[in-house]
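Thanks, everyone. I would like to take a few minutes to walk through one model, beginning with how its helices pack and ending with what surrounds the ligand.

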Amino acid sequence: MSEARPSDDAGAAEPPPGATAGATPALPGSRWRRAPRRFAARGAANRVRRSHAQTRVTVRMALVFLLAAGAAVLAGEGTWLALHLLLAGGVVLAISGVSLMLAVTWSAAPAPADGWAWAQRLLVAAGAAGVAAGRHWDLGDAVVAGAGAAYAAGLATLAVLLVVTVRAGVERRFDAAVAAYVGAVAAGLGGVAVGVHLAVDGAVLGLRHAHVTLNLLGLVGLVVGGTLPYFAATVGRSRMAAHATPRRLVATDAVLAVGLVLAVAGFAWAHDGLATAGLLAYALGILAVASAMPRPSERTLRWAGPRLLGLWAGAAWWATAVVALALGAGDGPGVTMIGPWVTALVVAAYLQVLWGSLAYLLPMLRGGGHERLSAGFATTRSWLALVAANVAGVALVLDAEALVAGALAIWGLDTAVRTGLVLRRA
Ligand code: HEM
């Protein structure tokens, strides 16, 4: 791996001047690999515009799933359906679009072909919708298994597109993140296989915890951990932390992955000590992620305000929830992945990180000149939503139902209105 440049301007959509031309040896036999040779001097032509266009479509699809999850909650359809629409659909589609876009921009690589981007997002969307509907309305094992297979194919396609993209890049500074994404997809494939098994053969407690751990701490968590050191710099328009070298970032990915594997093994074999050790190791990995994020300064906070603090608060909730679960704060005897701390992990950690990310990405993807961009950032800048997200987290762990409902309603409404305004003016 060539050396990353932690001091490069992370907010730039284009690589900085002086990007190492032709850092990736061009190998014959594949269109992808030939790309750097053609565009070696400054990255592939049109790649940012094309990648933004692809991301816009994927993020819109993610928003549809988020709306569907909200509708499922309002209709009282139960938490399983809402959680899977939200996580397997909305969050993973957002991950798909954004990870590919960051890989293209940070590596100065060609955007994937539109057909592949469509195939990837359609497989994930159809798979998530099929699993959610198939299990919720009891449409039969074949529907759930078929949709699960499509979903797994969508995840695998994402991993291939990411690897191919960074390998075709002029810069190799996003490789550590892509290593985390590949680990996340591997965990997600395991999680989906266990999920289909649970759906078809009935829930077994240890496997259920393993499913939740693989998906929440693996599929989603590894992506969050791999992205935050880069993305916090992008959102705050600052440089990456000087000590966030590729070697350290890969080591951080490794600590998270080892913790994940131990925790999953502990749950699958009903070994509490192993599950605790795994979760605590994973929490150490989260601290390493946080230490690799650029410290917020007065300047970055003035510029990015609530969206940057949302990333930090989300990371803090992520670490706190994992430690609490490691110490047995989950429901039931022993160490479990059930109960309010799991919900807090989803809502206050991951949803908050997603919210902070979209507050940056929606105006940025809308495009337009400097003024339009500033207006977009002003629209999505919400201190109210930041407070509501964190009140919801506290209320969840205190089991204060009315406060949870109120905080979520304020957060959801505020975000929906602001998102609508940005999209309407697009
Ligand atoms: C795509 C294939 C998937 C299938 C077939 C599936 C299936 C299942 C099943 C059968 C359960 C157990 C429900 C019970 O306790 O009765 C479950 C629980 C859960 N799954 Fe999945 N799942 C899938 C994907 C995902 C993904 C991608 C995520 C997260 C990113 C996820 C997160 C969860 C969570 C958080 C729970 C616990 C729900 C609760 O406590 O009510 N699942 N899933």
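Before I turn to the first pair of helices, let me set out one convention, namely that an angle between axes under 35 degrees counts as roughly parallel. Please also keep in mind throughout that what you see is a predicted model.

With that convention in hand, look at helix H2, residues 47-74, and helix H4, residues 114-136, whose axes lie 10 Å apart and make an angle of about 10°. The two helices, H2 and H4, are therefore roughly parallel to each other. On the H2 side the residues that meet H4 are Gln54, Val57, Thr58, Met61 and Phe65, and on the H4 side their counterparts are Asp114, Ala117, Arg121, Ala125 and Ala128. By class, the residues of this contact between H2 and H4 divide into six nonpolar, two polar and two charged.

Stepping back to the whole chain, we count 14 helices and zero strands. Of the 426 residues in the chain, 54% are buried. If we take the contacts with a separation of 6 or more, 75% of them are accounted for by residues 24 or more positions apart.

Let me now go to helix H6, residues 175-201. At 1.5 Å a residue, its 27 residues should span 39 Å, and because the end C-alpha atoms of H6 are 39 Å apart, the two values agree. H6 is mostly covered, with 19 of its 27 residues buried, and after H6 comes glycine 202, whose phi is positive, near 95°.

Helix H8, residues 246-268, can be put through the same kind of check: its 23 residues should span 33 Å at 1.5 Å a residue, and its end C-alpha atoms are indeed 33 Å apart. Following H8 we find alanine 270, again with a positive phi, here near 50°.

Two individual residues deserve a closer look, and I will start with histidine 209, which lies in helix H7. Is histidine 209 buried or exposed? There are 27 other C-beta atoms within 10 Å of histidine 209, so the residue is buried, given that the cut-off for burial is 20 or more. Leaving aside its neighbours within four places in sequence, histidine 209 is in contact with Phe267, Thr336 and Met337. From histidine 209 to valine 335 there are 126 residues in sequence, while in space the two C-alpha atoms are 9.4 Å apart.

The second residue is isoleucine 410, found in helix H14, which runs over residues 401-424. Isoleucine 410 has 17 C-beta neighbours inside 10 Å and therefore counts as partly exposed. Not counting residues up to four places away in sequence, isoleucine 410 touches Leu384 and Ala388. Between isoleucine 410 and leucine 384 the separation is 26 residues in sequence and 8.1 Å in space, C-alpha to C-alpha.

That brings me, finally, to the ligand. Which residues come nearest to the ligand? Of the 26 residues around the ligand, those that come nearest are Leu87, Ala88, Gly195, Leu198 and Asn215. Helix H3 (79-107), helix H5 (141-167), helix H6 (175-201) and helix H7 (205-235) each contribute at least two residues to this shell. In composition, the shell around the ligand divides into 18 nonpolar residues, seven polar and one charged.

Methods:
Residues numbered from 1 in each chain as written. Predicted model: local features only at pLDDT ≥ 70, side-chain atom pairs only at ≥ 80, totals over all residues. Near = placed C-beta within 6 Å. Helix = DSSP H or I, 4+ residues; strand = E, 2+ residues; numbered from the N terminus. Nonpolar A, V, L, I, M, F, W, Y, C, P; charged D, E, K, R; others polar. Buried ≥ 20, exposed ≤ 12 C-beta atoms within 10 Å, placed from the backbone. Contact = placed C-beta atoms within 7 Å. Axes fitted to C-alpha atoms, helices over the stretch in contact; angles between N-to-C directions. Parallel < 35°, antiparallel > 145°, perpendicular 65-115°, else oblique. Expected span 1.5 Å × (residues − 1).
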